[in-house]
Amino acid sequence: NGIDFAAEEGCDVLSVADGTVEMITDNSMLGTTVIILHSGGLRSIYSNLADNIHIAQGDAVAKGAVIGKVGNTAAEEVAEPSHLHFEMSLNEETVNPYDYLSIDEATE
């Protein structure tokens, strides 16, 4: 349902678009997770973040704003290399994140 981006623990995680922090959760599968609501019912979901989040539910965030750091909080994935798990949904239906991201193929 998402993409795992290889990243060193402690790397900044940036918002993909302007929005509002809808929820910050923590669970054993995804670890610390931030969900940002964007216009038109689009949500971006950032998981496996470090647990020291410095934003709060209801905060407005701009595209490119730091929303957290890559962590190791997803207990189900601790054996995997350090990464950010990223998902997107539209009107609460999972969508392919690649359809909404502009990623330079040279950086993949």
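A pocket, in the sense I will use today, is an open set of points on a 1 Å grid over the protein atoms alone, with protein on both sides within 12 Å along at least five of seven lines. With that in mind, please look at the structure above, which is a predicted model, and let me begin with its largest pocket, in which about 470 Å³ of space lies.

The lining of this pocket is made by 23 residues, and those that lie nearest its centre are Leu14, Ser15, Val16, Tyr46 and Leu101. If you ask which elements give two or more residues to that lining, they are β1, covering residues 3-6, β2, covering 12-14, β5, covering 42-49, and β8, covering 83-90. As for the character of the lining, 17 of its residues are nonpolar, four are polar and two are charged.

Let me step back to the chain as a whole. The protein has nine strands and zero helices, so that, read from the N terminus on, its elements run β-β-β-β-β-β-β-β-β. The C-alpha atoms fill a box of roughly 35 × 35 × 25 Å when taken along the principal axes. A compact globule of 108 residues would have a radius of gyration near 13 Å, and because the protein has 13 Å, the two agree. Of the contacts with a separation of 6 or more, 61% are accounted for by residues 24 or more positions apart, and buried residues make up 37% of the 108.

That brings me to the interior. In soluble globular proteins, nonpolar side chains tend to be buried together. Here the largest nonpolar core has 16 residues, and the ones that touch the most other members are Val13, Val34, Tyr46, Leu49, Ile67 and Leu84. The elements giving two or more residues to this core are β4, which covers 31-37, together with β5 and β8. Tyr46 therefore appears in two places in this account, being among the residues nearest the centre of the pocket and among the core members with the most contacts to other members. Ile67 is a good residue to follow through the core, for, leaving aside its neighbours within four places in sequence, it is in contact with Val13, Leu14, Ser15, Val34, Ile36, Tyr46, Ile53, Ile55 and Val61.

Next to Ile67 in the chain is Val66, which is found in strand β7, residues 66-69. Is Val66 buried, exposed or partly exposed? Its relative accessibility is 43%, and because that value lies between the 20% and 50% cut-offs, Val66 counts as partly exposed. Beyond four places in sequence, Val66 touches Asp12, Val13, Leu14 and Ile55, while its C-alpha atom is 9.9 Å from that of Ile53, a residue 13 positions away in sequence.

I would now like to turn to strand β4, where Thr32 is found, and where this residue counts as buried because its relative accessibility is 5%. Setting aside neighbours within four places, Thr32 is in contact with Thr25, Asp26, Tyr46, Ser47, Asn48, Leu49, Ala50, Asp51, Ile53 and Thr73. Thr32 and Leu101, by contrast, are 22 Å apart in space, C-alpha to C-alpha, and 69 residues apart in sequence.

One of those partners, Asn48, deserves a closer look. Most residues other than glycine have a negative phi. Asn48, however, has a positive phi of about 70° although it is not a glycine; this residue is found in strand β5 and is buried, with a relative accessible area of 3%. Asn91 also has a positive phi, near 50°, but it is found in the loop between β8 and β9, the latter covering 93-95, and at 54% relative accessibility Asn91 counts as exposed.

Finally, two residues towards the ends of the chain. Ala6 is found in strand β1 and is exposed, with a relative accessible area of 75%; apart from residues up to four places away in sequence, Ala6 touches Ser82 and His83. Pro97 has its place in the segment after β9, and with a relative accessible area of 4% Pro97 is buried. Which residues does Pro97 contact, leaving aside its neighbours within four places in sequence? They are Gly2, Ile3, Phe86, Glu87 and Met88, whereas the C-alpha atoms of Pro97 and Thr20, 77 residues apart along the chain, are separated by 18 Å.

Technical notes
Residues numbered from 1 in each chain as written. Predicted model: local features only at pLDDT ≥ 70, side-chain atom pairs only at ≥ 80, totals over all residues. Heavy atoms only, no water. 1 Å grid on protein atoms, 1.4 Å probe; cavity = no way out; pocket = protein on both sides within 12 Å on 5 of 7 lines; lining within 4 Å. Points joined across faces, edges and corners; volume = space filled by probe spheres on them. Helix = DSSP H or I, 4+ residues; strand = E, 2+ residues; numbered from the N terminus. Nonpolar A, V, L, I, M, F, W, Y, C, P; charged D, E, K, R; others polar. Core = buried A, V, L, I, M, F, W, Y, C linked by side-chain atoms within 4.5 Å. Buried < 20%, exposed > 50% of the residue type's maximum accessible area, 1.4 Å probe, protein only. Contact = heavy atoms within 4.5 Å. Rg over C-alpha atoms; globule rule 2.2 N^0.38 Å.
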